[in-house]
Amino acid sequence: MADPLGGSPASPGTAVGVVARLTPAPSLPEQWPEPADAEAEIAAATGALAAVVAELSRRAESVTGEARDIMDTQIMMAGDPTLESGIRESVGNGRPAAWAVHDAFSTHLTALAAAGGYLAERVTDLADLRDRAIAGILGQAPPGIPDSAEPFVLVGVDLAPADTVTLDPAKVVAIVTEKGGPTSHTAIVARALGIPAVVGCAGAAGLDDGVRVVVDGDRGEITVDPDEETVSRIARDTAELAALLAEHSGPGATSDGHPVKLLLNVGGAGGIESAGAADAEGVGLFRTEFLFLDRTEAPSVQEQREAYGKVFAAFGTRPVVVRTLDAGADKPVPFANDDDEPNPALGVRGYRLAGRNPDLVRAQLEAISLAAADHGADVRVMAPMIATPAEAAEFAGHARAFGIAQVGVMIEIPAAAIRAGQILAEVDFVSIGTNDLSQYTFAADRMLGELSSLLDPWQPALLDLVAAVADAARLAGKPAGICGEAASDPLLAPVFAGFGITSLSMSAPAVPAVRASLRQRTIEDCRKLAADVRGAADAAAARTIARELF
Ligand code: PEP
Ligand code: MG
């Protein structure tokens, strides 16, 4: 066996499978060939579109919920009669079938984008239809996730958000991407679905379809062409791990009963029933951006009230922490953010937008408070990207004016971590967003795979800041949780418990391993481990200390 390929560990677990590469969208050469006769070109174009509809209808039957809605809308769009008239017009202008499809969709794509709101959100889906039809005409494989009957390891440059809609954990056993960092969209989706993943693996460019690989999402390693002994060992380890995880259930706690709440990160109404059914103590981070992205204006209070209400209903009496809009940088919202800021991550984003547009945050708080009353839910709110105690106080004032009793803020800017004590004087709790706290502590863009070693949550400087926030919270007698991706690392969980962190919030598939890890130790063991890890010189040494003690 050759040396493994290295990348960033992005979603835990190990899987064996054969590679199936993500198919890129077809690109049309600028020069088009001489068309055949017009009717033949029109038949080729409309026939390709009809084949796409038939294929999507077949696939739609096997999905439910949000994914089904998206596919049904796509199928409906493909049947729009003006597409055929657009194709006829373009062929009439001397363009061959594939180019005519491109032209016909272009008019629609521009119109949809300009219409804004829900329609603008459909641009990606329409572009996907176009690309599938063009690939059909050119005799190429359809773009996106390959449709294989057998489970496979998905390999590609990176996943587009649209690719993730139909990502089926029963088919995709692991994901490997050439680009992306541990907090990239692909990593977050993989963790949410419980699919082992390695991102930022440059060597993945050389992985061909059909090659068997082992993907180790904990170590960030890909072994190409593993021997049979390795494959059987992995099967044994996976079965043993599943048995170990199944032994534990219920609230998070160390072996001697010190509680560390296990909460969920949720990001929309899709899949919320299954999240609500998960064995977790509530929601530690409800990301609300899904309602705002790609819009040209803010959703109404009533629309927000209904969307939030679905999540509150799914969690019954368990607490739900709603994060107010975190628009900007990696989550741009066209109507809220400027698109010409030189450094969007350092710009007017997150709670800073309230200075420019206080009605945005007020409308959201009103909708949250109405939805909480509708469902008799235990709802708390927190603001993203808080830098100073004054901002925390201002947000708390807004939230309390809407009758929301429990108000917190995220700690994701180093200034806020350093002054956590003063911030806690203004609010009821804090939640550490390690994704952004890493980005700002190390001046390393969280989307850049190349900088992933700086974004490693085991970096001593990041752990120092987390420990400082936990100390401040203990002194204030208030809770300090973690809701960044670091909270889902089972090895880090006892370290965080040892610092005095009171809750860990993560995607549902990560909960069992974190729970089992906490149950292996007493709180004293966790404190000792935390002190040893703090003494490590670098991230690799810190991880090794924890692994050896596990
Ligand atoms: C974070 O920054 O760690 C966080 C949880 O927020 P987001 O990933 O949504 O920026
Ligand atoms: Mg953040």
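The exercises below work through the fold and the ligand site of a predicted model.

Residues are numbered from 1 along each chain as its sequence is written, while chains are lettered from A and ligands numbered from 1 in the order in which they are written. In this predicted model local features need pLDDT of at least 70, side-chain atom pairs count only at pLDDT 80 or more, and totals for chains, interfaces and linings use all residues, with side-chain values resting on heavy atoms, without hydrogens and water.

**Exercise 1.** Determine whether the radius of gyration of the protein chain agrees with that of a compact globule.

*Solution.* Taken over C-alpha atoms, the globule rule is 2.2 Å times the number of residues to the power 0.38. For 550 residues this gives a value near 24 Å, and because the protein chain has 25 Å, the two agree.

**Exercise 2.** Identify the residues that come nearest to ligand 1 and the polar contacts there.

*Solution.* Start with the 14 residues around ligand 1 (a heavy atom within 4 Å), of which Arg 287, Lys 331, Gly 433, Asn 435 and Arg 446 come nearest. Next, look for polar contacts, that is, pairs of N or O atoms within 3.5 Å: a polar side-chain atom of Arg 287 lies 2.7 Å from an oxygen atom of ligand 1, whereas a polar backbone atom of Gly 433 is 3.4 Å from a ligand oxygen.

**Exercise 3.** Describe the shell around ligand 1 by residue class.

*Solution.* Counting Asp, Glu, Lys and Arg as charged, and Gly among the polar residues, the shell has 3 nonpolar, 4 polar and 7 charged residues.

Key. Polar contact = N/O pair within 3.5 Å; in protein donor to acceptor, adjacent residues only side chain to side chain.
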